[in-house]
Amino acid sequence: MGTENACAAGTASAAHRARYYRFQDASGRVHLVDSIDSVPQALRSHAACIEYPVEATGIVAALGHGELSGYQIFGLGFAAALIVVFVFTRLPGTLRLFVRLAIVGGVGALLVGAYFGWLRRTSQQSSDLLAGPGTLITDAKDAVGKMNARMQAEQAELKETEQVK
């Protein structure tokens with residue numbers, strides 16, 4: 001998963017990679033640190049750099065794509081609220097209260113589904129316009145499973161690296 005190389009300090013990919021440094025002390029013990037400053041000065045020339053790619057997910061990925069600004073999102077929410085108020089005030093008085101509430105509830109459910117769909121699109125989970133809370137829970141469970149698998153693979157690689165001594 002990780003790659004060992006010289007780790008050029010000014011590479012463009014540095015922001016998308018986690019760096020660790022491996023070195024061996026005089027007694028033969030292997031050390032793994034997250035900063036070159038943690039490596040003793042005398043051993044820095046022999047320290048191996050290990051890089052792991054870091055994927056941008058969730059909110060970080062959504063902000064990186066800049067689909068909608070904060071003002072646009074606020075404007076959409078405000079417009080949706082105005083539509084709900086307009087529809088509610090324009091209903092004739094002969095309709096019963098439960099019909100009004102059903103219509104407002106339906107519009108509200110559509111807005112909530114659109115919001116959940118927007119969340120999934122910005123986190124690059126799906127391109128669907130509407131989504132329910134169950135899909136968000138499934139997405140979260142899948143993300144946790146992927147993270148656990150990645151952590152186990154990294155731990156196995158670190159254990160293998162320590163055994164190489």
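The following legends describe close-up views of a predicted model.

**Figure 1. Overall architecture of the predicted chain.** The chain contains 4 helices and 4 strands, which follow one another along the sequence as β-β-β-β-α-α-α-α. Of its 165 residues, 18% count as buried. The exposed surface of the chain amounts to about 11,800 Å², with carbon and sulfur atoms supplying 62% of that area. Among contacts between residues at least 6 apart in sequence, 49% join residues at least 24 apart.

**Figure 2. Pairing of strand β2 with strands β3 and β4.** Strand β2 spans residues 17-24 and strand β3 spans residues 30-33; the two pair in the antiparallel sense over 4 bridges. Within this pairing, Y21 has V33 of β3 as its bridge partner. The two strands form a hairpin with 5 residues between them. In the turn of that hairpin, G28 adopts a positive phi of about 90°. Strand β2 is also joined to strand β4 (residues 48-53), again in an antiparallel arrangement, through 6 bridges. In β4, A48 stands opposite R22.

**Figure 3. The largest nonpolar core.** This core is made up of 6 residues, namely Y21, F23, V33, V39, A47 and C49. Three of the core members, Y21, F23 and V39, are in contact with V33, as are Y20 and S38, when neighbours of V33 within four places in sequence are left aside. Y21 and V33 are also bridge partners across the strands.

**Figure 4. Surroundings of L32.** L32 lies in strand β3. Is this residue buried or partly exposed? L32 counts as partly exposed because its relative accessibility is 32%, whereas the buried class requires a value under 20%. Leaving aside neighbours within four places in sequence, the contacts of L32 are Y20, Y21, R22, I50 and L158. The C-alpha atom of L32 is separated by 8.5 Å from that of E162, although the two positions lie 130 residues apart in terms of sequence separation.

**Figure 5. Salt bridge between E51 and R19.** A search of the whole structure finds 2 salt bridges. One of them is formed by E51 and R19, whose closest N and O atoms are 2.9 Å apart. The pair links distant parts of the chain, with E51 in strand β4 and R19 in strand β2, 32 residues apart. E51 is buried, with a relative accessible area of 5%. R19 is likewise buried, its relative accessible area being 18%.

**Figure 6. Salt bridge between D139 and R120.** The side chains of D139 and R120 meet in a salt bridge with an N to O distance of 2.6 Å. D139 belongs to helix α4 and R120 to helix α3 (residues 97-122), so the pair ties together parts that are 19 residues apart in sequence. D139 counts as buried because its relative accessibility is 13%. R120 also counts as buried, at 11% relative accessibility.

**Figure 7. Helix α4 along its length.** Helix α4 comprises 32 residues, from 133 to 164. From its first C-alpha to its last, this helix reaches 47 Å, close to the 46 Å expected at 1.5 Å a residue. Which residues of α4 are buried? Buried positions in this helix include D139, E157 and T161.

Technical notes:
Residues are numbered from 1 along each chain as its sequence is written. This is a predicted model: local features need pLDDT of at least 70, side-chain atom pairs count only at pLDDT 80 or more; totals for chains, interfaces and linings use all residues. Side-chain values use heavy atoms; hydrogens and water are left out. Two strands pair if DSSP finds at least two bridges between them. The expected span of a helix is 1.5 Å times one less than its number of residues. Buried means under 20% relative accessible area, exposed over 50%, partly exposed in between (1.4 Å probe, protein chains only). Contact means heavy atoms within 4.5 Å. Accessible areas come from the Shrake-Rupley method with a 1.4 Å probe; for residues, only the protein chains shown count as cover. A nonpolar core is a set of buried Ala, Val, Leu, Ile, Met, Phe, Trp, Tyr and Cys residues joined through side-chain atoms within 4.5 Å. A salt bridge is a side-chain nitrogen of Lys or Arg within 4 Å of a carboxyl oxygen of Asp or Glu.
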